[in-house]
Amino acid sequence: MNIKPIETHYAGCRFRSRLEARWAVFFDRIGARWQYEPQGFTIDGRTYLPDFLLPDCGTWVEVKGCEEDLDHGLMLSAAEHLPKQIGRGEPGPNLLILGAIPEPSDKGDWGWLGISPFDMEGGEVEVFGDWWGFGSYSKKLRPWRLQNTSTATPDCIEGGTWLTPALDQWEAGVPEAYRAARSARFEYGEKP
């Protein structure tokens, strides 16, 4: 059985899926400027169109509903080769991977896998990951690196579950934005 996403209109954009539209609602609620599919690229001979760009921090964003739909190899190459964007605030990860909108938590904020290239000695580039959340976005104009969860090690990147968010109990988070995104309905012209 092949389940197809529902094309959804929100904020003047035609999103390929409801999940992407719900993340746009989330970004609007936290005050994050976003651009939907601003530009496509050829990476390792394959075409790739990132779902969002958060221009204030220069972070590209990929949204996937399930792990099986996420091409880990392409995401690692994208994190390395997507052009660096100069934001007006502190930089976030080069590529942030977002999954389904989680249940809001009043116990902390959710962190998502962000991956970025780092120049190593000898001119090699290696891609590393960390968990990034949005609770401090309005203060620093970027997703923030979680301080109280384990770092995404290369083993996690190569064989881990990328779409399962981590909870940081020390950050108050943005539960209202998650609630708004989860409850957004787009039928019959309703506005989230």
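Is Asp44 buried or exposed, at 55% relative accessibility? The first legend gives the answer, and the others move on through the strands, a helix and two pockets.

This is a predicted model, in which local features need pLDDT of at least 70 and side-chain atom pairs count only at pLDDT 80 or more, while totals for chains, interfaces and linings use all residues. Residues are numbered from 1 along each chain as its sequence is written, and side-chain values use heavy atoms, with hydrogens and water left out.

**View 1. Asp44 and Glu37 are two loop residues with a positive phi.**
Asp44 is exposed, because its relative accessibility is 55% (buried is under 20% relative accessible area, exposed over 50% and partly exposed in between, with a 1.4 Å probe and protein chains only). You will find Asp44 in the loop between S4 and strand S5 (46-48) (strands are DSSP runs of E with at least two residues, helices runs of H or I with at least four, numbered from the N terminus). Although Asp44 is not a glycine, its phi is positive, at about 55°. Glu37 is not a glycine either, and has a positive phi of about 40°. To find Glu37, look in the loop between strand S3 (35-36) and strand S4 (41-43).

**View 2. Strand S7 is mostly covered.**
Here you can follow S7 residue by residue: five of its five residues are buried. Thr59, Val61 and Val63 point one way from the strand, while Trp60 and Glu62 point the other way. S7 runs antiparallel to strand S6 (residues 52-54), and three bridges join the two (strands pair if DSSP finds at least two bridges between them). Within this pairing, Val61 in S7 has Phe52 opposite it. Four residues lie between the strands in the hairpin of S6 and S7, where Gly58 takes a positive phi near 75°. S7 also has a parallel partner, strand S8 (residues 95-98), to which it is joined by four bridges. In that pairing, look for Glu62 opposite Ile97 in S8.

**View 3. Strand S9 pairs with S8, S10 and S12.**
Now let us move to S9, which is mostly covered, with nine of its 11 residues buried. S8 and S9 run antiparallel and are joined by three bridges, with Leu96 partnered by Gly114 in S9. Between S9 and S10, also antiparallel, there are nine bridges. One place to spot this pairing is Phe118, whose bridge partner in S10 is Glu126. Three bridges link S9 to strand S12 (residues 166-168) in the antiparallel sense, and Asp109 has Asp168 in S12 as its bridge partner.

**View 4. Met120 sits in the loop between S9 and S10.**
This close-up shows the stretch between strand S9 (109-119) and strand S10 (125-133), where Met120 is found. Met120 counts as partly exposed because its relative accessible area is 34%. Leaving aside residues up to four places away in sequence, Met120 touches Glu126 and Phe128 (contact means heavy atoms within 4.5 Å). Gly122 belongs to this hairpin, which has five residues between the strands, and takes a positive phi near 85°.

**View 5. Helix H5 has buried residues covered by elements including H1 and S9.**
Start with Pro175, then pick out Ala177, Tyr178, Ala180 and Ala181: these are the buried residues of helix H5 (residues 175-183). Among the elements that cover them are H1 and S9.

**View 6. The largest pocket has a volume of about 360 Å³.**
A pocket is an open set of points on a 1 Å grid over the protein atoms alone where a 1.4 Å probe fits, with protein on both sides within 12 Å along at least five of seven lines; lining residues have an atom within 4 Å of a point. The volume is the space filled by probe spheres set on the points, which are joined across faces, edges and corners. This pocket has 16 lining residues, and Pro5, Arg16, Ser17, Leu19 and Gly65 lie nearest its centre. Helix H1 (18-30) and strand S7 (59-63) each supply at least two residues of the lining, and H1 gives the most, with three. By class, the lining has six nonpolar, two polar and eight charged residues (Ala, Val, Leu, Ile, Met, Phe, Trp, Tyr, Cys and Pro count as nonpolar, Asp, Glu, Lys and Arg as charged, and the others, Gly among them, as polar).

**View 7. The second largest pocket holds about 190 Å³ of space.**
Residues to look for in its lining include Cys57, Gly58, Lys84, Gln85, Phe118, Trp132 and Arg145. Pro91, Gly92, Pro93 and Asn94 are also among the lining residues, as is Ser116. Sorted by class, this lining has five nonpolar, five polar and two charged residues.
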